[in-house]
Amino acid sequence: MGEQPIFSTRAHVFQIDPNTKKNWVPTSKHAVTVSYFFDCTRNVYRIISLDGSKAIINSTITPNMTFTKTSQKFGQWADSRANTVYGLGFSSESNLAKFAEKFAEFKEAARIAKEKSQEKMELTSTPSQQESAPGDLQSPLTSESINGTEERVTPDTTQHTEPRAEPSQNALPFSHSSSNINKHWEAELEALKGNNAKLTAALLESTANVKQWKQQLGAYQEEAERLHKRVTELECVSGQTTVIKSQKTELNQTIEELESALKAKEEELERLKAEVESANDFQSQKDSLTQKLQDMESRNQTLEAQLSDLEQRLESNQQEREAFRNSLRSLLELLDGKLFELTELRDTLGKLLENS
């Protein structure tokens, strides 16, 4: 069945700086999908993460690896084969705990698989079973080796990285039948060459399809970048909203001051009216104060209209921002779906290569 995803989560991916060996270097602009894969044909567990079409994590789990929680939402592990240290930043403690639990589980499974492989090697190391060694020549021509993703094999595994040198060692106990064995190996080699040619043709065809998918993915990435810029603009608008709120507070204070001043003027007007009743000389002063009162009321209405307009603008900006966030969230979900489809397509291609 090839490699199958058995657990997935989302996290921000980092790698240790190869120069300083101290600072973390982010390898993804945003949270990406990080998945555990299991290859049932080789009993191998791997951690794989893609940022677009680029593999930013391709780490094979070995029994001597350790996943360390360095904070409440951050964990790391060292990969000696890749000569680096990977770090993952999660959105919650529960996601980190679940990932660490799966890491320990698959690490134990890798240890058991390694022990079983060593026992199998001990059982198959007898001279009678070494005669079947030519069949092991097929192991380097897997779908992973054609795609360039074949992992480096440790000395305790059953795969052979130098198939031409191995048969001569196995043939030492059978020097009297070396010519027959060589003919058998040559026939196996010719069959492997034919299979390799078929797989190469299929790979070329799939490469053409991958180029088209990369173009589509590039278009999606450009759209995502445009949306990120739009989010930045809306965040700037959000910053302006704070200024508008402060202006609104100042306007409210001004209105309160005007209202208090208006009350004072009204009291003064009442006093002046009493004086007008006692003296007609104050009539002109009364008219002046009445005009001032009207001006104050007009100004008050203007300020109230401005305040209402600011509130409407603030509500409109908040609605636009919420709608944009919803559209961005939908696009991110669409991108996740496309990435998952690409992963399934890669698995399908692997199956086709293996069936070929």
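A nonpolar core is taken here as a set of buried Ala, Val, Leu, Ile, Met, Phe, Trp, Tyr and Cys residues that are joined through side-chain atoms within 4.5 Å. The model in your viewer is a predicted one, and the tour starts from its largest core.

**The largest nonpolar core**

Select Y36, I47, I57, W77, L88 and F99, which, of the 23 residues in the largest nonpolar core, touch the most other members. Then colour the elements that give two or more residues to this core, namely β1, β3, β4, β5, β8 (84–89) and α1; among these, α1 gives the most, with 6 residues. Apart from this core lies another one, of 6 residues, and a selection of I255, L303, L307 and L310 will show you some of its members.

Return now to Y36 and display its surroundings. If residues up to four places away in sequence are not counted, Y36 touches Q4, P5, I6 and F7, then R46, I47 and I61, and also F99, K102, F103 and F106.

**The start of β8 and two positive phi values**

Next, select T84, which is found in strand β8. With a relative accessible area of 11%, T84 is buried, because the limit for that class is under 20%. Leaving aside its neighbours within four places in sequence, T84 is in contact with Q15, I16, A78 and D79.

Move to N83, which is found in the loop between β7 (74–79) and β8. N83 counts as exposed, at 60% relative accessibility. Its backbone deserves a look, since phi of N83 is near 55°, a positive value in a residue other than glycine. Most residues other than glycine have a negative phi.

A second residue to inspect for this feature is N43, which lies in the loop between β3 and β4. N43 is not a glycine, yet it has a positive phi of about 55°, and with a relative accessible area of 42% it is partly exposed.

**Salt bridges**

With side chains shown as sticks, turn to the charged pairs, for which the count comes to 8 salt bridges. Begin with D39 and R42, whose side chains meet in a salt bridge at 3.0 Å, N to O; both D39 and R42 are buried.

Then select E108 and R111, which both lie in helix α1 (residues 93–123) and stand 3 residues apart, about one turn of the helix. The side chains of E108 and R111 meet in a salt bridge at 2.2 Å, N to O. E108 is partly exposed, with a relative accessible area of 36%, and R111 is partly exposed as well, with a value of 31%. Add E115 to the selection, for E108, R111 and E115 are linked in a network of salt bridges.

A further pair is R346 and D347, which form a salt bridge with their closest N and O atoms 3.6 Å apart. Which of the two is buried and which is partly exposed? D347 is buried, with a relative accessible area of 10%, whereas R346 is partly exposed, with a relative accessible area of 34%.

**The second largest pocket**

Keep R346 selected and switch on a surface, to look into the second largest pocket, which has a volume of about 990 Å³. Of the 32 residues that line this pocket, L50, S53, L342, T343 and R346 are the closest to its centre. The elements that give two or more residues to the lining are β1 (3–16), β3 (32–39), β4 (44–51), β5 (54–60), α5 (178–278) and α6 (283–355). With 9 residues, α6 gives the most to this lining. Coloured by class, the lining of the second largest pocket shows 14 nonpolar, 13 polar and 5 charged residues.

**The second largest cavity**

The last stop is an enclosed space. How many cavities of 30 Å³ or more does a search of the whole structure find? The search finds 4, and about 50 Å³ of space lies in the second largest cavity. To locate the second largest cavity, select L258, E259, L262, M296 and N300, which line it. The elements that give two or more residues to this lining are α5 and α6, and the largest share, 3 residues, comes from α5. By class, the lining of the second largest cavity has 3 nonpolar, 1 polar and 1 charged residues.

Definitions and conventions: Residues are numbered from 1 along each chain as its sequence is written. This is a predicted model: local features need pLDDT of at least 70, side-chain atom pairs count only at pLDDT 80 or more; totals for chains, interfaces and linings use all residues. Side-chain values use heavy atoms; hydrogens and water are left out. A salt bridge is a side-chain nitrogen of Lys or Arg within 4 Å of a carboxyl oxygen of Asp or Glu. Buried means under 20% relative accessible area, exposed over 50%, partly exposed in between (1.4 Å probe, protein chains only). Helices (H or I, at least four residues) and strands (E, at least two) are DSSP runs, numbered from the N terminus. On a 1 Å grid over the protein atoms alone, a cavity is a set of points where a 1.4 Å probe fits but cannot get out, and a pocket is an open set with protein on both sides within 12 Å along at least five of seven lines; lining residues have an atom within 4 Å of a point. Grid points are joined across faces, edges and corners, and a volume is the space filled by probe spheres set on the points. Ala, Val, Leu, Ile, Met, Phe, Trp, Tyr, Cys and Pro count as nonpolar, Asp, Glu, Lys and Arg as charged, and the others, Gly among them, as polar. Contact means heavy atoms within 4.5 Å.
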